[in-house]
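Here is a short report for a reader new to this structure. Look over the sequence and the model before reading on.

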Amino acid sequence: MSGQYIAFFVLALIALGGGIFMLNLNKVVHMVVALVFTFVSIAGIYVLLSAEFVAAVQVLIYSGAITIIMLFGIMLTRHQDDGQSTGSPLRKAFALLGTVAFGAVMYIGIRTLDFGSEAVGLHDKNTEQIGIAIYSKYVIPFELASVLLLVALIGAVILAKKDDKEAGE
Amino acid sequence: MDFETLLSYEWGVMMPEFIILGVAVALSLIDLFMPENRSRRLLGLFAFVGVAVSFVSLLGLWTSDVTSILGDTFRLDSFAKSFKALLLIGSALVLLLALHYEPKERIAYRGEFYYLFLTALLGAMMMTSSGDLITLFIGLELLSLSSYILVAIRKKHTLANEAALKYVITGSIATAITLFGMSYIFGFTGSTNIKEIAGQLASTYDENHQYILSLAFLLTFVGLSFKLAAAPFHMWAPDVYQGATTPVVSFLSVVSKTAGFVIVLRVIVSVFAQTPSGSSASMLMTLAPYIAFLAGATMIIGNTIALRQRNVKRMLAYSSVAHAGYVLVALASLSMFMFEAIWFYLLAYLFMTIGAFAILQVVSQHHDDEDVSIFAGLYRRSPLMAIAMTIFLLSLAGIPGTAGFIGKMNIFLGAFVVEPAHYVLASIMVVTTVVSYVYYFGIFVQMFFRPVEHTHRLEWPPGVIAVVVICVIGTVLLGVFPNIAYDFLAPFEHFSDFLQ
């Protein structure tokens with residue numbers, strides 16, 4: 001068992017644990033903290049995969065920006081902290097059964113999976129390679145993604161904006 | 001790559017997309033600087049003209065050769081052209097409907113409606129002409145995100161809020177599942193280019209990979225079938241149809257569904273059709289029974305639950321689920337003429353569905369209600385519209401002489417020409433079609449035999465009349481002379497350039 005393997009297991013465990021805690025905690029701020037653990041450990045997994053640039057972006061955008069925006073959202077909106085239990089026990093049992101079955105099916109598939117030879121030279125000039133790919137070969141999806149962000153922005157404004165009548169009150 | 005090489009590509013083939021994008025951006029700027037109390041109808045007209053111009057430019061490219069830009073991140077082939085035409089015709093008709101949509105509760109964001117509509121259309125169009133998983137995925141997300149907001153735009157309406165939330169959550173889960181499936185496809189081949197993926201998978205056959213590759217296939221397909229509203233992933237459809245405004249619903253049921261089939265054909269057929277499999281010629285054929293099962297379930301669930309609906313929009317939602325099932329039969333049988341059959345069915349579906357929604361919009365707006373009883377005595381009040389509605393419903397039910405019949409016939413025959421023939425699937429199709437008569441004919445009974453409750457005259461705005469006339473002509477003409485539509489596909493030689 002190599003060091004990389006152990007590191008992957010630790011990071012994956014933290015990522016999954018963060019997700020599970022996020023679902024089960026009752027206070028919204030606690031959920032955000034749990035989510036930060038997931039984000040940071042995913043950044044760690046990117047480093048293991050020699051994707052340092054993506055890891056840095058992950059930390060900056062997810063652990064930084066998105067978490068802060070979530071906290072702002074929590075501060076600026078009203079919310080009840082009372083934990084409501086959702087679904088009947090039978091439903092929960094079915095959900096558990098489904099998840100376990102899906103996990104088993106996928107595990108059988110990936111247990112002996114071999115993707116062939118590993119790509120080499122992933123870490124030299126990481127950022128430059130990504131930049132060249134985005135701004136030359138993938139320029140069409142890149143521009144389309146900017147339209148996507150515009151749509152998200154307009155949508156957020158529409159949904160969050162108070163109408164004139166309400167604002168006047 | 002320097003600037004010269006970038007300029008050397010034939011960007012002209014992207015003209016229809018550029019026009020839509022330009023109009024969307026221009027509309028958002030005009031909306032910003034327009035005085036707040038001015039009517040936004042002008043913007044709608046502008047959007048309509050933009051879609052029309054884009055359609056004309058597409059017709060100008062109709063006979064051009066297969067063109068690929070930047071390693072297939074954009075490709076214009078016969079598949080792209082024919083399905084783009086469907087999307088543009090459908091969007092133009094829906095925009096005409098939207099111009100005359102005046103609900104009781106004032107919707108403050110009309111300007112936003114038009115440019116979000118255009119960006120959704122842009123996403124769908126990009127999907128039709130993409131040979132790369134990244135462009136396909138971003139196109140899908142652009143379409144989905146815009147549709148979520150289009151549903152949620154009715155802010156004061158409780159049902160719409162609930163519908164939008166359900167739509168966002170199920171849609172995001174579907175996206176996650178699709179991406180998970182695609183990540184395995186990428187992992188095997190190390191490429192996002194669909195042609196390269198197909199080539200890689202075709203050249204290397206490995207027993208160990210079969211299992212996980214079929215899992216990747218199923219995950220991708222399950223994720224994408226949310227977009228088609230195929231059972232058992234149709235749960236969002238009735239709620240969203242009930243909550244959203246009528247123009248948005250007709251957009252979702254026609255344009256969004258067409259786009260869903262486009263991405264299924266692009267990803268599933270082109271990636272898996274040539275992949276060798278242990279027991280039969282290709283992986284797609286080995287896995288076709290799963291698609292067939294989904295098709296059968298979709299037809300049965302859609303048609304039987306529609307029987308119990310009193311709300312016309314919910315009924316049409318389940319009917320659209322059932323129609324997705326019919327189209328999936330064509331995909332499951334994998335006949336020679338699969339592309340033509342699906343294209344023709346979606347064209348027929350476009351005319352009959354938008355026509356029915358146009359009439360529903362005026363009638364339900366008048367009564368401020370969506371119960372089936374609003375159609376009571378429609379024949380006495382506006383006989384011509386009642387006859388038009390009859391034609392659309394007959395076509396949806398698949399009665400001979402209408403476009404819907406020809407479409408179903410093509411799919412039905414397609415299920416028999418393949419070896420081995422899909423007898424079970426074909427018989428489910430016949431039985432469920434007969435079941436569907438019951439709920440379509442329920443509306444006839446209301447229109448022709450129920451007494452008139454309200455004697456107010458219905459106002460038919462000119463745009464809605466235009467949509468109804470176009471849809472009636474389309475439905476009847478394609479039902480009597482289906483060759484008119486096939487002549488458009490003649491230069492394409494059965495979509496032989498799909499994978500070139």
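Helices here are DSSP runs of H or I with at least four residues, numbered from the N terminus. The model is predicted. Residues 89-110 of chain A are 100% helix and 0% strand.

**Annotated segments**

The UniProt annotation "transmembrane region", from an unreviewed entry, covers residues 6-25, 32-49, 55-77, 89-110 and 138-160 of chain A. The table sets out two of these segments.

| Segment of chain A | Helix | Strand | Distance between end C-alpha atoms |
|---|---|---|---|
| Residues 32-49 | 94% | 0% | 26 Å |
| Residues 89-110 | 100% | 0% | 31 Å |

**Helix 4**

Helix 4 of chain A has 23 residues. From first C-alpha to last, helix 4 reaches 32 Å. That is close to the 33 Å expected at 1.5 Å a residue. Helix 4 of chain A is also hardly covered: among its 23 residues, the count of buried ones is 0.

**Domains**

The domain assignment splits out domain 1 (1-77) and domain 2 (126-162) in chain A. The C-alpha centres of these two domains of chain A lie 23 Å apart.

**Contact between the chains**

Chain A brings 24 residues to the contact, and chain B brings 30 residues. On the side of chain A that touches chain B, helix 4 (89-111), helix 5 (126-137) and helix 6 (139-160) of chain A each supply at least two residues. Helix 6 of chain A gives the most to that side, with 13 residues. By class, the side of chain A that touches chain B has 18 nonpolar, 4 polar and 2 charged residues.

How values were computed:
Residues numbered from 1 in each chain as written. Chains lettered and ligands numbered in written order. Predicted model: local features only at pLDDT ≥ 70, side-chain atom pairs only at ≥ 80, totals over all residues. UniProt positions renumbered as here; feature names shortened; annotations may be inferred. Domains from an automatic or database assignment. Contact = placed C-beta atoms within 7 Å. Nonpolar A, V, L, I, M, F, W, Y, C, P; charged D, E, K, R; others polar. Expected span 1.5 Å × (residues − 1). Buried ≥ 20, exposed ≤ 12 C-beta atoms within 10 Å, placed from the backbone.
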